[in-house]
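Here are a few short exercises to work through with the model open beside you. Try each task yourself before reading its solution.

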Amino acid sequence: MTTAAPTDLRRALEAANVPCLTMSLVQLTGDLRWLEAPYAPTRARGLDDHDTGGLPDDVRAEIRDAAAEAVAAWRAGTPAAIPAPRGELLLRMLRTFTGEPVGDEFEPMMAETLGSAAAEPTPRPRVPPGTDALVIGAGVGGLLAVATLREMGIPVTALERNTEVAGTWWENRYPGAGVDTPSHLYSYSFRPHPWSTAFGRRDEVFDYLRDYADDADLRRHLELGVEVEAASWDEATHRWTLTVRHADGTRGTRSAALLISAVGQLNRPRTPDLPGLDSFDGPLFHSARWPDDLDLAGRRVAVVGTGASAMQIVPRIAEEAGAVTIFQRSPQWIAPHSGYFDEIGADKQQVLADVPFYAGWYRARLAWTFNDKVHPALVVDPAWEHPERSVNAANDGHRRHFTRYLEAELEGRPDLVAKALPHYPPFGKRMLLDNGWFVALRRDDVELVTEAAAEVLPHGLRTTSGAEYPADVVVLATGFAAHEFLAGVDVQGRGGSLAERWGDDDARAHLGVSVPGFPNLFLLSGPNTALGHGGSQITIIELQMRYVARLVAGLLDGGGTALEVREDVAAAYDAEVDAAHAGMIWTHPGMTNWYRNAVGRVVNTLPWRIVDYRARLEASGPDDFETR
C-alpha cells in the first residue's frame, strides 16, 4: 500500500470507475444506502467500462468524497465493515453495480474473483516415489501446470519448442499485436499486474509471463528448445515415453507417469495452399512469423485475411507502407470500445493500489462484461422471425448497434460500407474490437478487395476473378490450424493413435481435458474450450488446471497409477456438447468460422457460459474415471 496523502487520493479518485468505487465504499463502511438511488449505477451499454456509472456529476462527487473519507479511516485503523460479502448481499451488490439481473449461480465464482471466498487450495497428495510429470509447452497453461504440480510435490518438467517461454506471446511479434481482452482480466487471478494499457500489447504480455517464470522460479523446471515429436503409453509400467528433438537436431527420449498438453489451440500457423507460394520475389510470411528486420517504408504490402491479426496489423503499418491491399473472403463484425487505446495513468494505478477491494471489483466488472454477459444473445431462438440476419431479439439489437457504428465510421463511403458490413449474425465469428480498422480503410493508400487470393505471382497476387494486384511484401494473416490439436505429436495411447481417434479435424475430449484410451494424459485448452463468446482464456486454463490437480491427487491418494476417463462418460459429454452447439450461433449456416470442422461440427469453442463449465468441472469426479 502506498502512502499518498488523502488529498492526493481524492484527486486520483476522479479517474476511478464509479460503480467499482461504490462497491468498495459499501465494503468499507457497511452502509447499504450506497446501493440505492441516487447512487446505483445504470446498466452499461456495449463493452465500455461505463466509468461514470451513468450518474450525474454531483452524485459522482459525493461518492468520491465518501470513498476518500472511508479510505482515510481505514488507513487510520478502522476495519472494513464487510470484508467478504457473500450470499444475498453479494448478489445484491453484483446486481447493483452491473445494473443487470446477475443470476444466483454467479455468486460462488464472483466471490472468488473478489477475494470474498478463497480459491480452491492446491491439493497435497501422497506422492509415491517415481511419480513425475512432463508438460508440453511453456506458455500460459504450461507455466501454470508446472507451478501447480510442483506445489503438489510432484517432480515436473516442461518441454518447450521455443527458446523462450510465453508460447504465442513469444511467437507473435507483428505490429499491433496484443490481446482483445482487457489486461486486468487477461492475467492470472493470483498474479495482478500494474498494466500500462487497458488492453495489453504483445511486449507487456510477454514480459508478464517471462517475469512470472522468473519470479516463481519456474525456469529450473523448463527445457527450452525441445520439441516433442511422439508420446507413447506403456500399459505395463503405466508411464509415458516421449521422443523429443533438440534445437541442434539431435533426438532423445523422456519418460513420466503424467503427461499434460499445454500447447493450446492457436499454436501452428495455417498457410493457405495457394499456387505460386514459392515464386514470390520478396518477403512472404505468416503473421506469426513476422521478420524482426522488415522495413515496409514505401513498399506495397498485401495482407491476406481480415481476422484478428490482420485487424491489428493494418492500422499499424498503413502509415509506414507505401500502400496496403487487404484481401477479404468475408467481412468481420467489429465492436467499438472507447477505451481501447487508453493508458492506465498514475491516478488509475493509485486507485487500484490504494483503495481496498477496488481491484477485485474492477476485475469482476471486466469478467461480467467480457465473459458470460453476452452468452444469452448467442442462443438460437427457434421462433425468431429473422434467422437470416440474427438468432434472437437481443442478437438483432447487437446487429443494429454494430451496424450503426460501422456506418458512422465509414460515413460518406458507401462503397466501403457495402464491402465491410457482414450479412451473417454478429458473434457468428469471434467479435473483434476496433483498433483503428475503419480509420485505416478510409485511407487513400489502403484498398479493401472483397475477393480471396487465388494465386501468388512473382510480384503480386491474383484473385478468384483473375484480377491482379502488385505487391512487394505479402503477409498471410490466415490464422492457425486450430482443429489440429497436438499436431505434430504422434500420441499412441492404450488403444491406439490419438490422430486416428480424432481424424484430421474432429478432436473430442471429456470436459476438453481427458480422452478415453489415453490414461494420465490431460489437455489444457483442449477441444471445445475456447471462448467464442468472448472472455479470458486464462480463466478457463486456471479452472482446468484446478480440475487436473484434483484428479491427480485423488489418483495418488487412492494408491492408483493410471487414470482414464470412461468411454461412456466421454460419449455422453460429446453428445451434450453437440446438442448445445446445435442451438448456438456458431452453427448458423450464414457464415464459416474457424470453430467448425469440414463437416460443420464445432470442435473449438465452449457451448456454455464459463460459470456453467466451472460447475461441470466441479461436478466431475472419480466416478467418471477408471483407476488402475
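**Exercise 1. Find the residues that form one aromatic cluster.**

Solution. Start with the rings: Y188, F190, W195, Y208 and Y212 make up one aromatic cluster. Before going on, note that this is a predicted model, in which local features need pLDDT of at least 70 and side-chain atom pairs count only at pLDDT 80 or more, while totals for chains, interfaces and linings use all residues. Residues are numbered from 1 along each chain as its sequence is written, and side-chain values use heavy atoms, with hydrogens and water left out.

Next, apply the pairing rule: rings of Phe, Tyr and Trp (its six-membered ring) pair if their centres lie within 6.5 Å; planes under 30 degrees apart count as stacked, over 60 as edge-to-face and the rest as tilted. The structure has 24 aromatic pairs. One of them is Y188 with F190, a stacked pair with 5.0 Å centre to centre and 15° between the planes.

Now check how accessible each partner is. Buried means under 20% relative accessible area, exposed over 50%, and partly exposed in between (1.4 Å probe, protein chains only). Y188 is buried because its relative accessible area is 1%, while F190, at 43%, is partly exposed.

For a contrasting geometry, turn to Y340 and F341, an edge-to-face pair with 5.1 Å centre to centre and 85° between the planes. Here Y340 is buried at 5%, and F341 is exposed at 58%.

**Exercise 2. Find the rings that the charged ends of R191 and R202 sit over.**

Solution. The test is that NZ of Lys or CZ of Arg is within 6 Å of the ring centre and within 35 degrees of the ring normal. R191 has its charged end over the ring of Y208, 5.9 Å from the centre; Y208 belongs to the aromatic cluster of Exercise 1. For R202, the ring is that of F206, with 4.9 Å to its centre.

**Exercise 3. Which parts does the salt bridge between E171 and R289 tie together?**

Solution. First, the criterion: a salt bridge is a side-chain nitrogen of Lys or Arg within 4 Å of a carboxyl oxygen of Asp or Glu. The whole structure contains 54 salt bridges. E171 and R289 form one at 3.9 Å, N to O.

Then place the partners, taking helices (H or I, at least four residues) and strands (E, at least two) as DSSP runs numbered from the N terminus. E171 is in helix 7 (residues 168–171) and R289 in the loop between strand 8 (284–286) and strand 9 (300–304), so the bridge ties together parts 118 residues apart in sequence. E171 is buried at 11%, whereas R289 is partly exposed at 41%.

Repeat this for R251 and E229, whose closest N and O atoms are 2.8 Å apart. R251 lies in strand 6 (residues 251–256) and E229 in strand 4 (residues 226–234), so this pair links parts 22 residues apart in sequence. R251 is exposed at 54%, and E229 is partly exposed at 22%.

**Exercise 4. Is H50 buried or exposed?**

Solution. Locate H50 first: the residue is in the loop between helix 2 (18–29) and helix 3 (57–75). H50 counts as buried because its relative accessible area is 18%. Finally, list its contacts (heavy atoms within 4.5 Å): leaving aside residues up to four places away in sequence, H50 touches N17, P19, T42, R43, A44 and R365.
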